[in-house]
Amino acid sequence: MKKLFTSLLALAGVLAISADSVKAEVKLPKIISSGMVIQRNDTARIWGTADAGEPVTVTFLKKKYKTIADNEGNWMVAIPTKKHGGPYMMTVNDIVLEDIYVGDVWLGSGQSNMDVHIDRVSEIYADEVMTDANPKIHLIQFDRNITHKAAEPQTEVNAHQYGWESLSPENVGHWSAIGYFFCKDMYEKTGVPQGFINASMGGSNIVAWLSREKMLEVAPRYVNQTDYVALRMQFRGEGDDPGMKENWMAFDYDDSDWETVNQYDKNIGDIYGQPWVGHLWFRKEFVVPDSLVGRQALLRLGMLIDSDETFVNGQKVGETGYQYPPRKYKIMPGVLKSGKNILAIRLRTNGDPVKFQGGKPYKLFFPSKPESPALPLTDPWIELEGDYKMKRGDLTGGKPALDNQNASVLYNLDINPIRNYSIAGAIWNQGESNADLRTAHEYAALLKGLAEDWRSCFGNIPLVVVQLANYMQRHDDPDYNSGWTVIRNIQRNAENVIPDCGLATTIDVGEWHDIHPWRKKEVAQRCALQMRRLYLGDKSPNFAGPTYESVTFDGGKAIISFKAGTDNLAPEPAGGLKGFKIAGADGKFHWAEAHIDGNKVVVSSKDVADPKVVRYAWDDDPEISLFGVTGLPAPPFQTESK
């Protein structure tokens, strides 16, 4: 009896241990971890998951904040933060977080020039970075791996293997160079702990960083592209063509619900604004008179792009593996019927907008000498041009992958998961991947949309936009225009259309031969100048170079005025001001003479009697000559047309 009682006690102990082991632990997102910096003078939200109904207690600075996980297992507490300081400790139930600071948190995002690591530029900053350490400056970097999850908003980021780190010579090599220098500058000026979130990816298009909802508002065609890729990812490729499985070529197949298209329409089969890469099926009914039944026929289908299998009344009559060979398919006696007949084409397209090349014969001939039909054929024929019934088959070409050009993928992976994390402001350094002259004009709506989108996540945070640096060749043609010049002007004008927005121009620190210029310290310092103005309310003047505000025209001259606080101009260089162009109503630009008159610049040209538009530094790698007294350059600009 005693032995049985002992066994029961042991079993009870095992069951108790097992029950405890299956109890779900509280889990935190990766951004809420040891080393984090939480935003001062704000509300720090701490969140995570647990079992539904699980009590959660967060302890910070000797205060407890309690909540219960909801039915989905989600929970959140709000911690008011005031004065900066640290390091502190935080506990979340049994989880202990250490080395936490209260200070200013910044989001740095964009493409490769935001992401460029200190290691890439260490040669010119070696003395500084090899010895620098500051436990009050922390950075976290997000992974750049775009997975299939990117099609939908995520609740967890792919944090880099390092997590939150403090500034030290051992860590700084893989830090964002802009993030490093920006935080150092802000710390030196304020003494406040700094946290930097590096959410950037080389080569990324701005559309990748906006939410689906905002993209549908400002540029829906990019959403269509993402949906198209996501659709293609659901297909397994060749061998799954429903047309083959369901006999879409059959004479008696019901095609009443198929789309009617004209064979010469471009972009037949497009879906979500993207070309169909795979099989498209076409059916056409034609009538054969009794007099021609029983004769051999020759089906001419011009040029089909790219390859085809062709059927008549369900019977395969020919195929061609690529677009160029002329389609000449023999129809043997017995295939055609008196009256209604059906031509079916299974076309494999690689995405070309043209499917049926015009200027070629699309006819069914009945040659009198079928063994060697002569051209031109004068024998009876049936016209096959015009409307066809069309239906999409399978997508081919293997599974595509979402990438950094697809709408919303980086918002879904990097922004949505941290939308609850309080920050002080954001720096946006991007534009190279949008600098296609054909579409660069779209950037204005996209940049404004990005600011609105992110503020719906983080509140009314200030935004600093880094203007594209000088890069590539310089051009003698005063009419030269490019995507880079258009993007720069949109970035410059962002201050005027986006509230609480500042510009950091880099037109003098680029390299004509390198899209990733090394001088990141100057870029970061200019970002810090703007952020102190926007975030801290710094009233000191000269936070930027001479920034265009307005133009007036008087007697063949254009008089350029600059924004207050930037209009203290440096003395005119010995050779005079360079890089100015002027145009009249015809829009043709000419090189212009320019000189400083007080705090304005006067521009004119003997070739333009009645000027309407002025451009400055309007080139990929422009000649620049206009600076403020602090040495900061004037951002490139184009005045408004009058």
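A residue counts as exposed when its relative accessible area is over 50%, as buried when that area is under 20%, and as partly exposed in between. The exercises below apply this scale to a predicted model.

**Exercise 1. Backbone outliers**

Determine where Asn41 is found and whether Asn41 is buried or exposed.

Solution.
1. Most residues other than glycine have a negative phi, and most peptide bonds are trans.
2. Asn41 departs from this pattern of sign, with a positive phi near 50° in a residue other than glycine.
3. Asn41 is found in the loop between strand 1 (37-39) and strand 2 (42-49).
4. The relative accessibility of Asn41 is 55%, so Asn41 counts as exposed.

Carry out the corresponding analysis for Asp500.

Solution.
1. Asp500 is not a glycine, yet its phi is positive, at about 55°.
2. Its place is in the loop between helix 10 and strand 23 (501-504).
3. With a relative accessibility of 36%, Asp500 counts as partly exposed.

**Exercise 2. Cis peptide bonds**

Locate the cis peptide bonds that involve Pro87 and Asp306.

Solution.
1. Gly86 and Pro87 are joined by a cis peptide bond, with omega of about 5°. Pro87 belongs to strand 6 (residues 85-92).
2. The bond from Ile305 to Asp306 is also cis, and omega there is near 25°. Asp306 is placed in the loop between strand 13 (297-301) and strand 14.

**Exercise 3. Salt bridges between distant parts of the chain**

State how many salt bridges a search of the whole structure finds, then analyse the pairs formed by Asp255, Glu309 and Asp479.

Solution.
1. Side chains of opposite charge can pair when their charged atoms come close. The criterion here is a side-chain nitrogen of Lys or Arg within 4 Å of a carboxyl oxygen of Asp or Glu.
2. The search of the whole structure finds 27 salt bridges.
3. Asp255 pairs with Lys389, their closest N and O atoms being 3.7 Å apart. The two residues are 134 residues apart and link distant parts of the chain: Asp255 is in the loop between helix 7 (242-245) and strand 11 (259-262), and Lys389 is in strand 20 (residues 387-395). Asp255 is buried at 17% relative accessible area, whereas Lys389, at 23%, is partly exposed.
4. Glu309 and Arg346 meet through their side chains, with an N to O distance of 2.6 Å. This pair connects strand 14 (residues 307-312), which holds Glu309, with strand 17 (residues 339-349), which holds Arg346, across 37 residues. Glu309 counts as buried at 15% relative accessibility, and Arg346 is buried at 11%.
5. Asp479 and Lys588 form a salt bridge at 3.4 Å, N to O. Asp479 lies in the loop between strand 22 (463-466) and helix 10 (483-497), and Lys588 in the loop between strand 26 (580-583) and strand 27 (589-591), so the pair ties together parts that are 109 residues apart in sequence. Asp479, at 27% relative accessibility, counts as partly exposed, and Lys588 counts as partly exposed at 42%.
6. Glu309 and Arg346 also take part in a network of salt bridges with Asp241, Lys316 and Glu319.

**Exercise 4. Nonpolar cores**

Identify the residues with the most contacts inside the largest nonpolar core, and the helix that gives this core its largest share.

Solution.
1. The largest nonpolar core has 80 residues, and Ile197 and Tyr421 have the most contacts inside it.
2. Helix 9 (residues 443-458) supplies the largest share of this core, eight residues.
3. Leaving aside residues up to four places away in sequence, Tyr421 touches a set of residues including Ile31, Trp47, Val105, Trp164, Ile197 and Phe458.
4. Another core lies apart from the largest one; it has 34 residues, among them Leu231, Val277, Val312 and Tyr329.

**Exercise 5. Cysteines**

Explain why Cys527 and Cys501 are too far apart for a bond.

Solution.
1. A disulfide is a covalent bond between the sulfur atoms of two cysteines. The cut-off applied is a pair of sulfur atoms within 2.5 Å.
2. The closest cysteine sulfur to that of Cys527 is in Cys501, 11 Å away, which is too far for a bond.
3. Cys501 is accordingly in no disulfide, and the structure holds zero disulfides.
4. Both cysteines lie on the buried side of the scale: Cys501 counts as buried at 5% relative accessibility, and Cys527 counts as buried at 0%.

Methods. Residues numbered from 1 in each chain as written. Predicted model: local features only at pLDDT ≥ 70, side-chain atom pairs only at ≥ 80, totals over all residues. Heavy atoms only, no water. Helix = DSSP H or I, 4+ residues; strand = E, 2+ residues; numbered from the N terminus. Buried < 20%, exposed > 50% of the residue type's maximum accessible area, 1.4 Å probe, protein only. Core = buried A, V, L, I, M, F, W, Y, C linked by side-chain atoms within 4.5 Å. Contact = heavy atoms within 4.5 Å.
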